[in-house]
Amino acid sequence: MEYKTPVDAYTGTIREVTIGKGKKAVKIGGDNKLPLHFFDEGSYPNPIKFALQILDMEPKDWPEHLAGPFRDVMSDPVKWAKKCEGFGVDAIALYLISTDPMEKDTSAEEAASLVKRMVSELNVPLIVYGSGDEKKDSEVLTKVAEVCDGSNLLIGPVQKENYQIIGKAILDHGHTAIAQTPLDINLLKELNVKLCKFMPAERIVIDPLSSPLGYGMEYSFSLMERVKQIGVITEDSMTQMPIIANLGDECWKTKQAKESKEQGLLWEGITALSLILAGANILVLRHPETLKLVKETIRPVR
Amino acid sequence: MIIIGENIHVIANEVSTAVRERNAKTIHDLAKAQTEAGADYIDLNVGPMKQDTEGTMKWLVDTVQEVTDLPLTIDTMNPVAMEAGLKFCKKRPLLNSASGKQLSKEQMLPLAAKYKCDVVVSVMTDKGMPPDVDSKIESILDTAAYANELGIPDEDIWIDPIILPVSTAGEGQRFAVICLDFIQILQDVLPGVKSTVGLSNISNGVPAPLRPMLNRTYLMMLNRSGLYSAIADPLDVEFMKLVKGEMPEIVDLIYRTMDGEKIALSSLSEKEVEYVKTTKVLMGETLYSDAWLES
């Protein structure tokens, strides 16, 4: 009997989401089969994208093997971002951590003016993350949305507690939202349902939280995998948004990554590759050498 | 469908206060309301009841029996409280509950034999909750055989597959389907045996105003699978209308949804749409979220 390779075909398609504007724009998502299932029918119109993370203030606790490549530019986030462009990123992810009331409590106006300056200097799209403080983010991220009107930033985290106010600003000023929920598929869907009541689903990217290797990565993996399966196989419209794996931050908090450079690169790299397998469409990394390593590893299949 | 009224439950503050202070009026009101609503049994969930066990139990059973002729369900994990309760029941009570746990087999099942009453037997074992249909079957075969040896016939055993909240991320919907399948094949496995569920647990963790919709729909689905009884809230008027067969068009809609019929939602009323959406969630067809009625 002749062997025939089984080929699956699915009916659901992940939405294609554009971030950035004009020549700077990149697209993510659009896949209509499971991640890295090259043997099945369907396509991946947009290869996986990578961003490097930068902060709006000089980090205090980065080990030298992480801070090294950026030591000369860390005091100026715009220079830092420009340097990252040189490493071949698809986007820059700026974290406004100094706005955190527990940090410097930087004002919304100041944060927004930094974002604006960065948008005009950069040749790649910008992802903007607030500090995660629900209240402060409502001020900061709405201000950022307003000041950068029309530049289609990818802005988050939009959470259950502040989705109405931040979501509305994102919608009104022509940006895209990162809907973030804490590792729970039911909550993830609920937030998407609520956002979609007033904004188009094509303006939403899912951040399910990305736990690093050894610290719960399996949860993030299973969750992303399930979100993709439900979107592609059972066609649940509320899980058909592309996924952002925001992992650099979490990986470099681990003791293992801080211990040595080799270990750190592998910690971040393995986490990244795993989450690509699970279905991430865009990844935020921290170390430029991890970026190189991961890109090289997936080049044959990208 | 036999409905066991769940409202006399010590987790409710007013009930625990009433029991402690021997306030008969609160208990009378709850017993009467459930009786009038059409319940078939009144469940007395007294918790562990560590102090003055026999005195309290006697008072509670007597108090309830002053205002209702319905049989009672004695619901406690404490074998002393259980026996005290069973002893004072005028009508043949239901022991709630025994399980496949060794201690329960040794302490609870002999009480059911002694008082010749009906007994709820859950699938729980010392290893925990059997996760799938096969292991649930294995558990109840074992416990039922043990009960038979004590002289309890299959007809007196009410099997409880243990319902878990549908909202539990990842697993809840799968378990909802497993319980439907389990009830479906139960009569083939143990002909003559009865069944019951703690229905409200399906909607545990769900925002309160949305809970009845899940409870109502799931009961109708379980009913189709052949469920014999449920511990539930008879004070939910729409729920009791469904139970009494007064809403056949809704039941039909639930069945058609279960059968995978493509139903045009635009042709339905708002309430009908909600039943269709809820059925799909409980079948595991659409991913659960608290906003399941809104999408």
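A:Ile244 stands opposite A:Ile282 in strand S10 of chain A, in a predicted model. Strand S9 (residues 244-246) of chain A and S10(A) run parallel and are joined by 3 bridges. Strands here are DSSP runs of at least two residues (E), helices are runs of at least four (H or I), and both are numbered from the N terminus. Two strands pair if DSSP finds at least two bridges between them.

Residues are numbered from 1 along each chain as its sequence is written, while chains are lettered from A and ligands numbered from 1 in the order in which they are written. Local features need pLDDT of at least 70 and side-chain atom pairs count only at pLDDT 80 or more, whereas totals for chains, interfaces and linings use all residues.

S10(A) also pairs with strand S3 (residues 49-55) of chain A, in the parallel sense. The two pairings are set out below.

| Partner of S10(A) | Bridges | Sense |
|---|---|---|
| S3(A), residues 49-55 | 4 bridges | parallel |
| S9(A), residues 244-246 | 3 bridges | parallel |

On the S3 side, A:Leu52 stands opposite A:Leu285. These strands belong to an open sheet of 8 strands in chain A, in the order S8-S7-S6-S5-S4-S3-S10-S9, with parallel pairing. S8 (204-207) and S9 of chain A are at the edges with a single partner strand each, so one side of each has no neighbour in the sheet. From one strand to the next the twist averages 25 degrees; axes are lines fitted to C-alpha atoms, for helices over the stretch in contact, and angles run from 0 to 180 degrees between N-to-C directions.

In a regular strand the side chains alternate between the two faces of the sheet. In S10 (residues 282-285) of chain A, A:Ile282 and A:Val284 point one way, A:Leu283 and A:Leu285 the other, and all are buried (20 or more other C-beta atoms within 10 Å of the residue's own, C-beta atoms being placed from the backbone).

Leaving aside neighbours within four places in sequence, the contacts of A:Leu283 include A:Ile48, A:Phe50 and A:Ala245; contact means that C-beta atoms, placed from the backbone, lie within 7 Å. A:Leu283 is also among the residues that touch the most other members of the largest nonpolar core, which has 173 residues. Such a core is a set of buried Ala, Val, Leu, Ile, Met, Phe, Trp, Tyr and Cys residues joined through C-beta atoms within 7 Å. Helix H8 (residues 172-189) of chain B gives the largest share of this core, 8 residues.

Between the chains, 11 residues of chain B are in contact with 11 residues of chain A. The model scores ipTM 0.83 and pTM 0.89.

Terms used
Two residues are in contact if their C-beta atoms, placed from the backbone, lie within 7 Å. A residue is buried if 20 or more other C-beta atoms lie within 10 Å of its own, exposed if 12 or fewer, and partly exposed in between; C-beta atoms are placed from the backbone.
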